[in-house]
Amino acid sequence: MMEHRPLLMRANRLLGSALVEHNLVKFEDLESANERVLDLAGKGDFRQASVLGILACEKKVLKEDDVLHVVMEEQGLGIVDLRHYEVPEEIRKDLDLGMCWATWSVPYDKEEDFWFVATAYYLSPAVRTHWEKKLGGPIVWHATTMDVIAEFLEKQQSDREAAAKPKPAS
């Protein structure tokens, strides 16, 4: 995950700026959330080092629903719930989970040249630019919640760990 630290920091910084620009949080709240992100990232806790999570869950100065509303209304994104979507194996097996945590985004399907990406961080230009370069094709973006992303990534991690365990001899 350390290789994704610069991406995580940039994604959070630009998301925070967008939240202030959209009048979703006050600058003072963002500053203290950024300090918390730095502290958590410094400890290697990349899962919790999320400006959105800190503002919504710890500081309770933002509702994630308000962010989703802005993304839907102003950016025209739809919403996807990955809990009700079967992500193809060929996409799941190649996912860089650290990159997904750093950007709170998950590529979840591909149709011809078009990628489908679910994200809680759409308002961060760093996230969009990163995935556009990484995937190398047009992206159909969908908004989702941090809980949906976290549940999906945790399941992928546990599935990988289970698959890596040696099978008992019969």
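Author: A residue counts as buried when its relative accessible area is under 20%. The model discussed here is predicted.

Reader: With that cut-off, how many residues of strand 2 are buried?

Author: Five of the seven residues in strand 2 are buried, so the strand is mostly covered under the definition of under 20% relative accessible area.

Reader: How should the strand pairing be read, and in which order do the strands of the sheet lie?

Author: Strands of a sheet pair through backbone hydrogen bonds, in either a parallel or an antiparallel sense. Here the open sheet has four strands in the order 1-4-3-2, with mixed pairing. Strand 1 (78–79) and strand 2 (105–111) are the edge strands, each pairing on one side only.

Reader: Which strands run parallel, and which pair in the antiparallel sense?

Author: Strand 3 (residues 114–119) and strand 4 (residues 139–143) run parallel and are joined by five bridges; within this pair, A118 is opposite H142. Strand 2 and strand 3 are antiparallel over six bridges, with K110 opposite W115. Two residues separate the strands of this hairpin, and E112 takes a positive phi near 55°.

Reader: Which helix lies across these strands?

Author: Helix 7 (residues 125–135) lies across strand 2, strand 3 and strand 4, and runs at about 140° to strand 4.

Reader: Which residues have the most contacts inside the largest nonpolar core?

Author: They are L19 and Y121, in a core of 59 residues. Helix 1 (residues 5–21) gives the largest share of this core, seven residues. Beyond its neighbours within four places in sequence, Y121 has contacts that include A11, L15, V51, W104 and V127.

Notes
Residues numbered from 1 in each chain as written. Predicted model: local features only at pLDDT ≥ 70, side-chain atom pairs only at ≥ 80, totals over all residues. Heavy atoms only, no water. Pairing = 2+ DSSP bridges. Contact = heavy atoms within 4.5 Å. Axes fitted to C-alpha atoms, helices over the stretch in contact; angles between N-to-C directions. Buried < 20%, exposed > 50% of the residue type's maximum accessible area, 1.4 Å probe, protein only. Core = buried A, V, L, I, M, F, W, Y, C linked by side-chain atoms within 4.5 Å.
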